Amino acid sequence: MWEFYARSFNASTIFMVAALGELIGQRAGVMNVGVEGAMLFGATIGFIVAKTTGSYLLGFLAAIAVGAAIGALHGFFSITLGGDQVVNGMGIWILGFGLTAYIGYPYTGPLGLERIPSVAGISPFFFLGIVLIAVAWFVLFKTNVGLKLRSVGENPSVAEVSGVNVVRTRYLSVITSGMFMGLAGGIYALDYNPVWNYNFLMGWGFVALALVFFSMWNPFILLGGSVLFGALWQLSLNPELLFEDTVSRYIWRTVPFVVTIGALALMSTQWFSSRWGAAKPEALGMPYEKD
Amino acid sequence: MKLGRYQIKLEKKSGFTGWQAAVISIVAILFALFLVGFIFLQAGVDPALGYQEIFSYAFLNPFGLPLTLNRAVFLLFCSFAFIVPIRAGLWNIGMAGQAYAGALGAFAVALALGAKGSQTPSLPGGALVGLMILGAMLGGMAVGAIPGILKGKFNTNEIVTTMMINFIMFWLVAYMIKEGGPFMGSGGEGEGFKLTESVRPPLFKDTPFTLWVSLALAALLYILFARTKIGYQIRAFGSSPAAARYAGISPVKISLLVFVAGGLLAGLAGYHYFAAVPGLYKIPKNYGDFGDLAFYGIICGLISQGNPLASIPLALLFGGLTNGGRFVQGKLQLGFGIDYALLGVVMIILVAFQFFFRYRIILKKAEKEN
């Protein structure tokens, strides 16, 4: 039983960190539907670096760095070139999916390093994730930087007039956003399941994207959602930890995706948004052009 | 921006002609192929030789060409499945899941009517083939209807829902064909049952009849968008949902329609590859590879700017490149996944080249600064 909870917390860490990255980007008005692609890059590059150097630290730094680079690339397409953010995000995802399948293939297999120590089965990254959530909330809602960041996501023209550099602020947030996604990938490949396999994420990034919509762009609701989905995901992987003699494991694998669709549909109803309001950043997905 | 004695200026384009679009797309593809050339170099293979091997296997080799055509037809159906919703401004990235649903629909019919393995079905082969195609279309439509309804009624993000359905269908296929699932083959090797002889559709010059179906559909869809009222409504909704609603076009109707149609088309892709391609006639163990291939449908759809006729050469090109890519991997001992790398690079270059659809670059001699 405890094993199940511990593993669920570890799974939730990956959702938490990746979705927090997406939330930061979206708060500044930039949506990246390619979370999964950025995570695949972070995971694959982090894995290769850690495996070849034998250093976890270098692995994680590489994961974060490649995440930042992917974030910057998305920023270049979405902010500088001003293209459709959905198209750009799809590009990031398919680039990540395709290129990591090729780059990582020679490294297929286990990492072969001693596992990162855990506290009663719970990875230290779970605690790091909670700290990151709290820090992100504080920065977003209690500091001047956060105010600027949110203002470019709500109404960039007004923000620009009041002296905020919209382009710089948006770049800063998409790069930070990418770093979180890269880190989430690194946590997956170096700690949660240190075995490289082609396209191993199989939906983590897309569920993380949906979690941001569920969170109503609030880091603490995101934390709750991540823990719930972490448990659900873990249950779908190891239903035998809770139930004996259950239906096929393949049927279990579909459960988190079915629940995601259901929750997303519920949240997009009029009934829901009229009760809990829409916290969606006003300028989300819209390119900004200075006149 | 200044570059030496020249001044570079960007000017917004108001529109572009079909020829401009074609030129930009061709340059983008060539540039992507150039970049993939570095992957060949890194693997110690001369890129010119690599491409020569790819193209000659894909388009000139008597063994390679039919494989290219089979892939191209699959891609073409997937491109249509992407194009119909994108004309309405909606993203269908669920071609993989819809193709799996199509395959399951077709094989469910086959199983129910006794067309499994060495059995002798009670119906004549032609009728069964027809029913299997119907099953494939219904399977794809059922799965396509879900994002359609959710988008139309609640404005639920269709990218997330279609992607979620890809994963759901992926695992559902695994359930059906593996570990004692209802569609498991007699070999017990985790793959689906083989179709009996009489429901294997006839070939015309080594190619399945689905090739002609896909070409006919390209023309049909082209006419649909160019000439019919419903095609006009879809395009109107795509350019401005608010204006379209004002003009009395129902968003629920349009989203449901385009996604059901998309599902149907992707369902045919599933039928084509698993039930009509010679040598297969079953849902294989590596069915996931075909789901991955389906994402090239996004690329064909985007490059063709939603034009079904323009997708034909693109599907042929990418069918050939992926097929030839797989071949040279073995022949030139490249790493696995050159076709995946190509997918990623083409996509991101395409995204970068979107810029040229919106801006014109003007180069003129800089004026003397005062």
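This report covers salt bridges, a cavity and a surface patch in a predicted model.

## Salt bridges in chain B

Over all chains, the structure holds eight salt bridges. One of them pairs Arg326(B) with Asp339(B), whose closest N and O atoms are 2.8 Å apart. Arg326(B) belongs to helix α13 of chain B and Asp339(B) to helix α14 of chain B, so this pair ties together parts that are 13 residues apart in sequence. The two partners differ in exposure: Arg326(B) is partly exposed because its relative accessibility is 27%, whereas Asp339(B), at 7%, is buried. Asp289(B) also takes part, since salt bridges with shared partners join Asp289(B), Arg326(B) and Asp339(B) into one network.

Another salt bridge in chain B links Lys151(B) to Glu158(B), with 3.0 Å between the closest N and O atoms. Lys151(B) and Glu158(B) are both buried.

## The largest cavity

Two cavities of 30 Å³ or more are counted. The largest cavity has a volume of about 50 Å³. Its lining includes Asp339(B), together with Val36(B), Phe40(B), Tyr51(B), Ile54(B), Leu321(B), Gly325(B), Ile338(B) and Leu342(B). Helices α1 (18–42), α2 (47–60), α13 (311–331) and α14 (338–358) of chain B each give two or more residues to this lining.

The most is given by α14(B), with three residues. By class, seven lining residues are nonpolar, one is polar and one is charged. Asp339(B) thus appears in two settings: as a residue of the cavity lining and as the salt-bridge partner of Arg326(B).

## Helix α1 of chain A

In chain A, the side chains of Arg7(A) and Glu3(A) form a salt bridge, with an N to O distance of 2.5 Å. Both residues lie in helix α1 of chain A and are four residues apart, about one turn of the helix. Arg7(A) counts as partly exposed because its relative accessibility is 30%. Glu3(A) is likewise partly exposed, at 41% relative accessibility.

Tyr5(A) is also placed in helix α1 of chain A, which spans residues 2–27. Its relative accessible area of 39% makes Tyr5(A) partly exposed.

## A nonpolar surface patch

Tyr5(A) is one of the residues in a nonpolar patch on the surface; the others are Met1(A), Trp2(A), Leu242(A) and Phe243(A). Together these residues have about 530 Å² of accessible area. Tyr5(A) can be included because its relative accessible area is 39%, and patches are made of residues with over 30% relative accessible area and no salt bridge.

Definitions and conventions. Residues numbered from 1 in each chain as written. Chains lettered and ligands numbered in written order. Predicted model: local features only at pLDDT ≥ 70, side-chain atom pairs only at ≥ 80, totals over all residues. Heavy atoms only, no water. Patch = residues over 30% accessible without salt bridge, like charges linked within 9 Å, V, L, I, M, F, W, Y side chains within 5 Å. Areas by Shrake-Rupley, 256 points an atom, 1.4 Å probe, with all protein chains shown as cover. Salt bridge = Lys/Arg side-chain N within 4 Å of Asp/Glu carboxyl O. Buried < 20%, exposed > 50% of the residue type's maximum accessible area, 1.4 Å probe, protein only. 1 Å grid on protein atoms, 1.4 Å probe; cavity = no way out; pocket = protein on both sides within 12 Å on 5 of 7 lines; lining within 4 Å. Points joined across faces, edges and corners; volume = space filled by probe spheres on them. Nonpolar A, V, L, I, M, F, W, Y, C, P; charged D, E, K, R; others polar.
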